Amino acid sequence: MMSGAEEIKVDKDTANPSKAWERIRIQQQHTRCPHPDPIIPVTPDKIRFVCISDTHGKIERSGLCMPPGDVLLHAGDFTMRGQLTEIEKFNSYLGFLPYKVKVLIAGNHDLTLDEELSDSTLRSFGLQHSEIESYLKSRGLKSVKEMLTNAVYLLDSSVSICGIKLYGSPWSPKHFKRMAFQWRRGQELKKCWDKIPEDTDILVSHTPPCGHGDLTGGNNNVGCVELLNTVQKRVKPKYHVFGHIHESYGVTSDGFTTFINASTCTRRYKPTNSPIMFDFDIPEGHSKEELLHMEKNS
Ligand code: 5GP
Ligand code: MN
Ligand code: MN
């Protein structure tokens, strides 16, 4: 996997991303970018991606304007606590959206999607393993992710859209209370990032990397240092889409990768931030026609 690419080491300040970023930022470019105008139509040689995140069960009735585009990307936290009724509601909402493909990852709030979560953690959020099991059984489903019939659901996995390679990962640093898809900063999380293939064009993660779209209201950087290093030194995607830190919504760049914090909800869980779009060149040998043949479900 590491052929020719730099091996990522755990940063000495991994547990203190603000301190790490103070040191890292002086060695690199960091610019705030304007949001592309969704009024300008996409050209036939490009795929338009529309990004949202952290909708927390609020977008469905929000009336939020969804701009036209080819592919929807959602970077996790589509529910408040992964209740199966929330997942049903969100899946129906996706079904009504006009995008040809909808790519989705989970976030720390989407608890029932995390099959490794313990009974006690589920119970601490008012969820019961037995109830989930009987719900699935009554519908002939084997897992909660099978409920997401209107999405391409990525869990440490890739999808190719018209030759453009996307990779999705739900993991975020453990913070406060144990939630879904969380590991400790450092070696534990790095194991997830080590799985990202080097030919990824668009990376979708729930957590931001350190230094981009990761400032909390208290002005602390809380993004993952190893994710930043993986993005900048090994994978080098053109776009990195994420959410999680709601108050850091917006677009930044390091001169190569464009970083999009697409959090739809504000810090107070109000779904008022507009979707952020970008256009990606269709690689040679591929065409937009392929979108029509893509299976809706992965
Ligand atoms: P969520 O609970 O939806 O995952 O995150 C909501 C908010 O919790 C974020 O906008 C941010 O203010 C805060 N938050 C989430 N993760 C962290 C973290 O690792 N550190 C800190 N300080 N705040 C976080
Ligand atoms: Mn969130
Ligand atoms: Mn989150």
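Asp77 has a relative accessible area of 1% in this predicted model, and the residue is therefore buried (under 20% relative accessible area; over 50% is exposed, and values in between are partly exposed, with a 1.4 Å probe and protein chains only). Asp77 bridges the manganese ion (ligand 2) and the manganese ion (ligand 3), and these two ions lie 3.5 Å apart.

As the model is predicted, local features need pLDDT of at least 70 and side-chain atom pairs count only at pLDDT 80 or more, whereas totals for chains, interfaces and linings use all residues. Residues are numbered from 1 along each chain as its sequence is written, chains are lettered from A and ligands numbered from 1 in the order in which they are written, and side-chain values use heavy atoms, with hydrogens and water left out.

The manganese ion (ligand 2) has as protein donors Asp54 (OD), His56 (NE2), Asp77 (OD) and His246 (NE2), at 2.1 to 2.3 Å. Donors are N, O and S atoms within 2.8 Å of the metal (3.2 Å for Na, K and Ca); water is not among the atoms, so sites may look incomplete. Along the chain, the donors of this ion, ligand 2, are spaced as D-x1-H-x20-D-x168-H. Distant parts of the chain are linked by the pair Asp54 and Asp77, which are 23 residues apart. Asp54 is in the loop between strand E2 (46-52) and strand E3 (71-74), and Asp77 is in the loop between E3 and helix H2 (84-96). Helices (H or I, at least four residues) and strands (E, at least two) are DSSP runs, numbered from the N terminus. Asp54 counts as buried because its relative accessibility is 0%.

Coordination of the manganese ion (ligand 3) is by Asp77 (OD), Asn108 (OD1), His206 (NE2) and His244 (ND1), at 2.1 to 2.3 Å. The spacing of these donors along the chain is D-x30-N-x97-H-x37-H. Here the pair Asp77 and His206 links distant parts of the chain, 129 residues apart, with His206 in the loop between E10 and H6. His206 has a relative accessible area of 0% and is therefore buried.

Helix H6 (residues 225-235) is largely enclosed by the rest of the structure, because 10 of its 11 residues are buried. Among them are Val225, Leu227, Leu228, Val231 and Val235, and the buried residues also include the polar Glu226, Asn229, Thr230, Gln232 and Arg234. The cover over the buried residues of H6 includes helix H1 (17-25), helix H5 (187-193), strand E10 (202-205), strand E11 (239-242) and strand E13 (258-261). Lys236 follows H6 and has a positive phi, near 50 degrees.

Glu60 is located in the loop between E2 and E3 and counts as buried because its relative accessibility is 16%. Residues up to four places away in sequence aside, Glu60 touches Lys89, Phe90 and Tyr93 (contact means heavy atoms within 4.5 Å). From C-alpha to C-alpha, Glu60 and Arg123 are 26 Å apart in space, and they are 63 residues apart in sequence.

The protein as a whole has 7 helices and 14 strands. Its C-alpha trace spans about 55 × 45 × 40 Å along the principal axes. Of its 298 residues, 54% count as buried. Among contacts between residues at least 6 apart in sequence, 70% join residues at least 24 apart.
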